[in-house]
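Q: I've got a model open and I'd like to learn how to read a few of its features. Can you walk me through them?

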Amino acid sequence: QVQLVESGGGLVQAGGSRRLSCAASGNIFSIGVMGWYRQAPGKQRELVARIRASGRTYYADSVNGRFTISRDNARNTVFLQMNSLKPEDTAVYYCNAEITTTNGDAYSPWGPGTQVTVSS
């Protein structure tokens, strides 16, 4: 029906930057909140940032001022610009979105994740 696919992960040195993308595809009528989460080894998945269709954003305290979430509604895509990266930002980053299909069904799928590794 609908799916999300992340891209942009990789290895980066501390202090560097990385930009993640997540594209939604399928029988999409509308997308509400889109968000980025992350899960480090041995830890629970946590919310990093989210953005409403209106553009209103929320950031976790740990990334506020360093990360910026944005979206392109025409391309059903959400981005996460990560600056001043720290080793503790190392995690698998997942995308999530509230999607309504053309059939009127509601889904909240997750992408497969993309690994971000920050070396010290």
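A: Sure, we'll take the sheet, then the aromatic rings, then one arginine; keep in mind that this is a predicted model.

Q: How do I read the sheet, and in what order do its four strands run?

A: Start with the strand order and the sense of pairing. Here the open sheet runs 1-3-8-7, with antiparallel pairing. Strand 1 (2–7) and strand 7 (67–72) are at the edges with a single partner strand each, so one side of each has no neighbour in the sheet. From one strand to the next, the twist averages 15 degrees.

Q: How many bridges join strand 1 and strand 3?

A: Six bridges, in the antiparallel sense, with strand 3 covering residues 18–26. To pick out one partner, go to Leu4: its bridge partner in strand 3 is Ala24.

Q: How many aromatic pairs turn up in the whole structure?

A: Just one. Look at the centre distance and the angle between planes: Tyr37 and Trp110 sit 4.9 Å centre to centre with 65 degrees between the planes, which is edge-to-face. The two are 73 residues apart, with Tyr37 in strand 4 and Trp110 in the loop between strand 10 (106–107) and strand 11 (114–119).

Q: Where is Arg45, and is it buried or partly exposed?

A: Find the loop between strand 4 (28–39) and strand 5 (46–51). Arg45 has a relative accessible area of 34%, so it counts as partly exposed.

Q: Which ring does Arg45 lie over?

A: The face of Tyr94, at 3.7 Å from the ring centre. Along the chain these two are 49 residues apart, yet their C-alpha atoms are separated by 9.0 Å. Arg45 also touches both members of the aromatic pair, Tyr37 and Trp110.

Notes. Residues are numbered from 1 along each chain as its sequence is written. This is a predicted model: local features need pLDDT of at least 70, side-chain atom pairs count only at pLDDT 80 or more; totals for chains, interfaces and linings use all residues. Side-chain values use heavy atoms; hydrogens and water are left out. Buried means under 20% relative accessible area, exposed over 50%, partly exposed in between (1.4 Å probe, protein chains only). Contact means heavy atoms within 4.5 Å. Two strands pair if DSSP finds at least two bridges between them. Axes are lines fitted to C-alpha atoms, for helices over the stretch in contact, and angles run from 0 to 180 degrees between N-to-C directions. Rings of Phe, Tyr and Trp (its six-membered ring) pair if their centres lie within 6.5 Å; planes under 30 degrees apart count as stacked, over 60 as edge-to-face and the rest as tilted. A charge sits over a ring if NZ of Lys or CZ of Arg is within 6 Å of the ring centre and within 35 degrees of the ring normal. Lists of a residue's contacts leave out its neighbours within four places in sequence.
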